[in-house]
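Please find below a colleague's note on the structure, set out as numbered points for reading beside the model.

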Amino acid sequence: TGPEIWEQTEGKITHLVVGVGTGGTISGTGKYLKEKNPNIKILGIDTYGSIFKKYKETGIFDKNEIYPYITEGIGEDFLPANVDMDMIDHFEKVTDKEAAIFTRLIPRMEGIFAGNSAGSAVAGLLQMKHMFTKDDVVVVIFHDHGTRYLGKMFNEDWMRDRGFLETKKPVSAIDLIAKHQNQKLVTINQSQPVMEAYQLMKKYDISQLPVTNNEKHFVGSLNDS
């Protein structure tokens, strides 16, 4: 990936953003890119419950930092030998909720069906936006595929159960007409020609039309079929 990134950015890359798990991708890619340009910043994405960020910043392996987390593909409760801390310039922590939300946003907004570590990486990238200028070339590596998360981050019930999405309230009839509840109701008298009903539907861009009798009582409805 290092040579591909260097070639595709024409050597103009300034920052690399990678989720850090076992550390092979960020350390290997970062090593290659820094050999090409030592000024390239390698930015690692960590999760809350993992030890990477504090260890990088203090050199302390703090067991109090370790607790269960939901985000997959990044973070560890030990120091893998693959993680070259000297190669990584900065760690950014991302919450489980932000990671899950951005995992869902990537395919919706970009058409890329990536997984949970990719969601973490994009969430972390946006948290670090103050670190970039308009001329920077920032590359984000997406590690995994969305098919692994169909029952998790791409499942709305799973998301709601964990408080990552708002719980749906029951939909009432007034909710369905809320946007036009103050507008005059368009009706047609039972004696009017069908052509007039069609013209009313076309004029108001509606698909159904209540039918009334001479006493203004509803006697039925017409639909566009």
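The points below take up the two sheets, the hairpin, one loop glycine, two residues with positive phi, and a surface patch.

1. Status of the model. The coordinates come from a predicted model, and the remarks that follow should be read accordingly.

2. The four-stranded sheet. An open sheet is built from four strands in the order 3-2-1-4, with parallel pairing. Its edges are taken by strand 3 (90-94) and strand 4 (138-140); each of these has a single partner strand, so one side of each is left without a neighbour in the sheet. On average, and ignoring direction, neighbouring strands of this sheet are turned by 25° against each other.

3. Pairing of strands 1 and 2. Within that sheet, strand 1 (residues 15-19) pairs with strand 2 (residues 41-47) in the parallel sense, over five bridges. As one point of reference for inspection, L16 has I42 of strand 2 as its bridge partner. In general, the strands of a sheet pair through backbone hydrogen bonds, whether parallel or antiparallel.

4. The loop after strand 2. Which residues does G49 touch, leaving aside those up to four places away in sequence? The contacts are with E65, I66, Y67, Y69 and K93. G49 itself is found in the loop between strand 2 and helix 3 (52-58). Its relative accessible area is 3%, and because buried means under 20%, G49 counts as buried. G49 and T95 are 46 residues apart in sequence, while their C-alpha atoms are 9.4 Å apart in space.

5. The three-stranded sheet. A further open sheet has three strands in the order 5-6-7, and here the pairing is mixed. Strand 5 (188-189) and strand 7 stand at its edges; each has a single partner strand, so one side of each lacks a neighbour in the sheet. Helix 8 (residues 194-204) lies across strand 5, strand 6 and strand 7, and runs at about 135° to strand 6.

6. The hairpin. Strand 6 and strand 7 run antiparallel and are joined by five bridges. Together they form a hairpin with five residues between them. Two facing positions may be located in the display: L209 stands opposite L222 in strand 7, and P210 stands opposite S221, also in strand 7. As a general point on such elements, side chains in a regular strand alternate between the two faces of the sheet.

7. Positive phi at K216. In the turn of the hairpin, K216 has a positive phi of about 65°. The residue sits in the loop between strand 6 (208-212) and strand 7 (218-223). Is K216 buried or exposed? At 65% relative accessibility, K216 counts as exposed.

8. Positive phi at E10. E10 is a residue other than glycine with a positive phi, in this case near 55°. E10 lies in the loop between helix 1 (2-8) and strand 1. Its relative accessibility is 60%, so E10 counts as exposed.

9. A nonpolar surface patch. Four residues, V171, I174, L176 and I177, form a nonpolar patch on the surface, and together they have about 390 Å² of accessible area. One of them, I174, lies in helix 7 (residues 173-177). I174 has a relative accessibility of 43% and therefore counts as partly exposed.

Definitions and conventions:
Residues are numbered from 1 along each chain as its sequence is written. This is a predicted model: local features need pLDDT of at least 70, side-chain atom pairs count only at pLDDT 80 or more; totals for chains, interfaces and linings use all residues. Side-chain values use heavy atoms; hydrogens and water are left out. Two strands pair if DSSP finds at least two bridges between them. Axes are lines fitted to C-alpha atoms, for helices over the stretch in contact, and angles run from 0 to 180 degrees between N-to-C directions. Patches are made of residues with over 30% relative accessible area and no salt bridge: like charges are joined within 9 Å, nonpolar side chains (Val, Leu, Ile, Met, Phe, Trp, Tyr) within 5 Å. Accessible areas come from the Shrake-Rupley method with a 1.4 Å probe; for residues, only the protein chains shown count as cover. A salt bridge is a side-chain nitrogen of Lys or Arg within 4 Å of a carboxyl oxygen of Asp or Glu. Buried means under 20% relative accessible area, exposed over 50%, partly exposed in between (1.4 Å probe, protein chains only). Contact means heavy atoms within 4.5 Å.
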